[in-house]
Amino acid sequence: TYVGDRQMIEGTATITFANETGSEAIVVLLRYETGSAALAEELEFIEEGNSVVPGTKGPAEPYDEVDLEGSGALMPGSHTWMVDLAPGTYSFDVGPLDFKTAGLWRAAVFEVVSG
């Protein structure tokens, strides 16, 4: 589940992911321009709270991937990052390492506004 605000003011944020499975997982945080066609396409593909098997489809472009250092293969347990969030709408996706065939879950969508 996602715990946090749906709208935040730009700046540094703490992101914590708790992998409560028995397997390694991945986390992807993407930033889209709020109201953009790419955001609409991405949210049509995976709505918040839903999962999908992406196969060969990548995220709708253009987007910026937020660097969550060391987020490649996350072992079970808690993982925390400090990130600078710029204005835009963010998708927070999680899944197993084989997400292209097993599925990807959109845990949250939130907006960051200018302060």
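## Exercises on a predicted protein chain

Ser 36 sits in the loop that links β3 and α1. We will start from this residue and then work outwards. Please keep in mind that the model is predicted.

### Exercise 1: Ser 36 in its loop

Decide whether Ser 36 is buried or exposed, and find the backbone atoms close to its side chain.

**Solution.**
Step 1. Recall the cut-off: a residue is buried when its relative accessible area is under 20%.
Step 2. The value for Ser 36 is 17%, so this residue counts as buried.
Step 3. Look for the backbone partners. A polar atom of the Ser 36 side chain lies 2.9 Å from the backbone oxygen of Glu 33. On the Leu 39 side, a polar atom of the Ser 36 side chain lies 3.1 Å from the backbone nitrogen.

### Exercise 2: A pair of threonines

Place Thr 34 and Thr 89 in the chain, compare their accessibility with the cut-offs, and say what joins their side chains.

**Solution.**
Step 1. Thr 34 belongs to the loop between β3 (25-32) and α1 (37-45), while Thr 89 is part of strand β7, residues 88-96.
Step 2. Partly exposed covers the range between the buried limit of 20% and the exposed limit of 50%. With 39% relative accessibility, Thr 34 is therefore partly exposed. Thr 89 has 7%, so it counts as buried.
Step 3. The two side chains are joined by a polar contact of 2.7 Å.
Step 4. Now list the neighbours, leaving out residues up to four places away in sequence. Thr 34 touches Leu 39, Gly 88, Thr 89 and Glu 111. For Thr 89, the contacts include Leu 30, Arg 31, Tyr 32, Val 109 and Phe 110, as well as Leu 39 and Glu 111.
Step 5. Finally, check a distance: Thr 34 and Tyr 90 are 56 residues apart along the chain, and their C-alpha atoms are 8.7 Å apart.

### Exercise 3: Asn 19 at a strand

Which element holds Asn 19, is the residue buried or exposed, and which polar partners does its side chain have?

**Solution.**
Step 1. Asn 19 is in strand β2, which covers residues 11-19.
Step 2. Its relative accessible area is 5%, so Asn 19 is buried.
Step 3. The Asn 19 side chain makes a polar contact of 2.6 Å with the side chain of Thr 21. In addition, a polar atom of the Asn 19 side chain lies 2.9 Å from the backbone oxygen of Ser 23.
Step 4. Beyond four places in sequence, Asn 19 is in contact with Glu 24, Ala 25, Leu 74, Met 75, Pro 76 and Gly 77.
Step 5. Asn 19 and Gly 95 are separated by 76 residues along the chain and by 9.9 Å between C-alpha atoms.

### Exercise 4: Trp 105 and a cis bond

Find the strand of Trp 105, classify its accessibility, and then locate the cis peptide bond.

**Solution.**
Step 1. Trp 105 lies in strand β8, residues 104-113.
Step 2. Its relative accessibility is 31%, so Trp 105 counts as partly exposed.
Step 3. Leaving out residues up to four places away, Trp 105 touches Thr 1, Gly 49, Asn 50, Ser 51, Phe 92, Asp 93 and Val 94. The C-alpha atoms of Trp 105 and Glu 47 are 9.1 Å apart, although 58 residues separate the two in sequence.
Step 4. The cis bond runs from Glu 61 to Pro 62, with omega near 5°. Pro 62 is in the loop between β4 (51-52) and β5 (64-65).

### Exercise 5: The whole chain

Describe the order of the elements, the overall dimensions and the charges of the protein chain.

**Solution.**
Step 1. Count the elements: there are two helices and eight strands. From the N terminus, their order is β-β-β-α-β-β-β-β-α-β.
Step 2. Compare the radius of gyration with the globule rule. A compact globule of 115 residues would have a value near 13 Å, and the protein chain has 14 Å, which agrees. Its C-alpha trace spans about 40 × 30 × 20 Å along the principal axes.
Step 3. Turn to burial and contacts. Buried residues are 37% of the 115. Among contacts with a separation of 6 or more, 76% are between residues 24 or more positions apart.
Step 4. Consider the surface: the accessible area is about 6,600 Å², with 51% belonging to carbon and sulfur atoms.
Step 5. Finish with the charges: the chain carries 5 positive and 19 negative side chains, and the centres of these two sets are 4 Å apart.

How values were computed
Residues are numbered from 1 along each chain as its sequence is written. This is a predicted model: local features need pLDDT of at least 70, side-chain atom pairs count only at pLDDT 80 or more; totals for chains, interfaces and linings use all residues. Side-chain values use heavy atoms; hydrogens and water are left out. Helices (H or I, at least four residues) and strands (E, at least two) are DSSP runs, numbered from the N terminus. The radius of gyration is taken over C-alpha atoms; the globule rule is 2.2 Å times the number of residues to the power 0.38. Buried means under 20% relative accessible area, exposed over 50%, partly exposed in between (1.4 Å probe, protein chains only). Contact means heavy atoms within 4.5 Å. Accessible areas come from the Shrake-Rupley method with a 1.4 Å probe; for residues, only the protein chains shown count as cover. Lys and Arg count as positive and Asp and Glu as negative; His and the chain ends are not counted. The place of a charge is taken as NZ of Lys, CZ of Arg, CG of Asp or CD of Glu. A polar contact is a pair of N or O atoms within 3.5 Å; within protein, one must be able to donate a hydrogen and the other to accept it, and residues adjacent in sequence count only if both atoms are side-chain atoms.
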